[in-house]
Amino acid sequence: MARPKLRLLTIFVLTALLLALGTAVLAQDEPVELRVVWWGSQSRHDRTIEVIEMYEAQNPNVDIVYEFANFTDYWTLVNTQAAGGDLACVMQHDYAYLAEWAERGLLQPLDPYVEQGIIDLSNVDESFIAGGRVDGLLYGLSLGSNSQAIILDVDKFEEAGVDLPDPQWTWADFEAIARELHDALGIYAYGSPSLGDDQIWTSLILAHGTNPFNEDNTGFGYDDDGPIIEHFKMLLRLQEDGVIMSLEEMAQSAEGPENSPIVTGDAAMQYQWSNQVVAITSAAGEGRNFRLWHMPRPEGGRPANYLKPSMFFSIPTNCEHGEIAADFINFFTNDLEANEVLFAERGVPISSEVREHLRPMLDAIGQETFDFLERVSADSSPIFPPNPPGYNDIRNNVWLPLFHDPVLYGQISVEEGVALFRAEAEAILSQN
Amino acid sequence: MTEPAAAVPASGAEQVALQSRGLARRKSKDFKRNNLVGYLFISPWLIGFFLFALVPILMSLWLAFTNFDLLSGRGEFIGLANFERMFFQDIRYGRSLSATFKYVAFSVPLRLIFALAVAMLLNTKRRGVYWFRAAYYIPSIIGGSVAVAVMWRQLFGSQGVINAITALVGFEPVNWLGNPQTAIWTLILLAVWQFGSPMLIFLAGLRQIPSEMYEAAEIDGASSWAKFRHVTLPLLTPIIFFNLIMQLISGFKVFTQAFVVTSGGPLDTTLFYTLYVYGRAFSNFQMGYAAAMSWILLLIIAVLTAIAFRLSDRWVFYETKEG
């Protein structure tokens, strides 16, 4: 009875050994598998996949496996992967989460790769990559620069006989111009998305001269809620008079750039990050005349605009092929041909050489975006530090459901809402 | 399978006794071996259950007492803090409870009534009735799907079919999904529309009712309402009870429809319990808190089911219990 068992065991062990040996031998010839993940629109998926194929053609030993999703699904995906310790070697990252991830030890600093010359930043100005630093270390390399903008439909302005605003316009100017547009055309001067979203809140605070959060992220960086109250009172006035789309109507309208009011011609202005303008203009089709404008600033305040890295590529700690990942990121950043394909879809490229190379090929809206970012870089506030841990919680469970929505639905007063917001948000921040 | 008879010469009572004892011993051995085979057969399920159900369940029980963070994969034991926060601090938790209870309170009875009504209609011997049965069951096959939820969103959108129809009759377009008063009703309506599975069970129940009962009632001159009230309904109460429990449980677990159609809005009026759990777990990564909320949901469902069983003595009629 014992002997067959022993024989079986021997066979088993031998097979296992052989298999292990086999894979070890194979591994030397097998190409390195590099996983890349990103979020975005169809256009981004197509461009990115093409660049991945270009990289593979130049590096036959690297086999790139990729995954992509829309923004919401993407974070579900990578969070699940993070929990399982199975993140892709090259992952797209967002300014809102970068610091949180870096502080939790999920990402590698990229500085060693820069020092080794794998990532070449000789054509990159520090201001473009500063947003990727957490405590001085570079955890994400910006894939493009961005700023908040108001898209103006110039044809609608002409039709209404309203002059384009001053580049340094204020929210009071915005209100006056919006009313003029609405009175002249009978359409919404402004459609969606909400002019009260959390990123308008932070830029509003920035324009008033302080950072939204204090240095150790344990509370707000400002004491006066006046600017927020004033802003929301203006939104309520405009909403009530039908000058801007109400939140209730926004909740109802269909999603996607092709349904946004400025594209359908139901509104003359739209707030958007500059890198999303391409999606809006291509949804709008030929023959539209859009321009990008600074965000309105407070009377006598600083610019509400700041230069933000639109997204990063980061290398997670669990990645075993850091150098190959870094080489891929370098290719993405500096290769001229690759950038012809990517075509600033992720924001204005950080390499000056790439920018100069692309400029003559740009269409009208591309040139407008490049010009806009140059105007912003000349007239902007310094970017505030990445959002603190718990920002997500504040946005999803406090700003929107306890303040923004009830106020714009007219359920509670602005003062009441803002007091509740401060109390609840500071309770979350105090845990940092 | 029967045992092969042991080849033993039959001679004397003693031998017979010995033989039967031996047989008994062998039988118990075979019984064990048979059990082993049985366990082997169900082992895929058992492994699946232990690995993918029991372990996660126990883990979530542990998580409920921690502040486990999905992003970093770390958490500390924090005692009852999650529950304290849920009941005393979290404003949205109260909102999600009231949205869920409202949804269950309306969608479950309405769906049962609708299912029973359609089952009665289809419990006839008319031509084509099989076709209708299949047709009415289809919404519940596809009803839970994302595609139908997307369609629902379109139907009730501001440019949707529903507003187009009401406009024909001269009504102003209504913001069905954007209005905090109406949004939850679009979801209740969607739930009622998916009446197929309780309907099939009702149908089976209706066919169980002996036709003599109806004949007897007819001889007594009962109207069709009286037949329904005094024959159909009492004999159907066990089925109604079963459907009630099943629908109650699934009602509390509603997720997909609200996730796609309203995403919990407007003003959290459709922030159903599971939607909120999902948001806490996967948008805010507070897995500990989400696990604690899930266990409270389990408790709520268990308590309500227990109450339903306790109350069932008063109205559910079992034919076998008393003549």
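## Contacts and overall build of chain A

In chain A of this predicted model, 75% of the contacts with a separation of 6 or more are between residues 24 or more positions apart. Chain A is built from 19 helices and 13 strands. Along the principal axes, its C-alpha atoms fill a box of roughly 95 × 50 × 40 Å. Of the 432 residues of chain A, 44% count as buried.

## Two domains in chain A

The domain assignment splits chain A into domain 1 (32-144 + 309-374) and domain 2 (148-305 + 390-429). Each of these domains is thus given as two stretches of sequence. Their C-alpha centres lie 29 Å apart.

Where the two domains touch, domain 1 of chain A gives twelve residues and domain 2 of chain A gives eleven residues. On the domain 1 side, H17(A) makes the largest share, with five residues. By class, that side of domain 1 has four nonpolar, five polar and three charged residues.

## Helix H13 and its cover

Helix H13 of chain A runs over residues 277-284, and its buried residues are Val277(A), Val278(A), Ala279(A), Thr281(A) and Ala284(A). What lies over these buried residues? The cover includes strands S8 (148-153), S10 (267-273) and S11 (290-293) of chain A, together with helices H12 (261-264) and H17 (364-378) of chain A. H17(A) has therefore come up twice, since it also gives five residues to the domain 1 side of the contact with domain 2 of chain A.

Just after H13(A) comes Gly285(A), which takes a positive phi of about 85°.

## The nonpolar cores

As a general background, nonpolar side chains tend to be buried together in soluble globular proteins. The largest nonpolar core here has 153 residues. Which of its residues touch the most other members? They are Val90(A), Ala178(A), Ala189(A), Tyr190(A), Ala267(A), Ala325(A) and Ile329(A). The largest share of this core, eight residues, comes from helix H18 (residues 391-408) of chain A.

Ile329(A) is a handy place to look around: leaving aside neighbours within four places in sequence, Ile329(A) is in contact with Val90(A), Ile119(A), Leu141(A) and Phe313(A). Apart from the largest core lies another core, of twelve residues, which includes Leu116(B), Leu203(B), Leu236(B) and Ile239(B).

## Thr186 in chain B

Over in chain B, Thr186(B) is found in helix H7 (residues 183-193). Is Thr186(B) buried or exposed? Thr186(B) counts as buried because 21 other C-beta atoms lie within 10 Å, where the cut-off is 20 or more.

Beyond its neighbours within four places in sequence, Thr186(B) is in contact with Trp152(B), Phe156(B), Trp176(B), Leu177(B) and Val261(B). Thr186(B) and Gln257(B) are 71 residues apart in sequence, and their C-alpha atoms are 9.9 Å apart in space.

## Where the chains meet

The contact between the chains takes 22 residues from chain B and 22 residues from chain A. On the chain B side, the elements that give two or more residues are helix H3 (91-122) and helix H12 (273-283) of chain B. The largest share of that side, three residues, comes from H12(B). By class, the side of chain B that touches chain A has nine nonpolar, eleven polar and two charged residues.

Methods:
Residues numbered from 1 in each chain as written. Chains lettered and ligands numbered in written order. Predicted model: local features only at pLDDT ≥ 70, side-chain atom pairs only at ≥ 80, totals over all residues. Contact = placed C-beta atoms within 7 Å. Helix = DSSP H or I, 4+ residues; strand = E, 2+ residues; numbered from the N terminus. Nonpolar A, V, L, I, M, F, W, Y, C, P; charged D, E, K, R; others polar. Domains from an automatic or database assignment. Core = buried A, V, L, I, M, F, W, Y, C linked by C-beta atoms within 7 Å.
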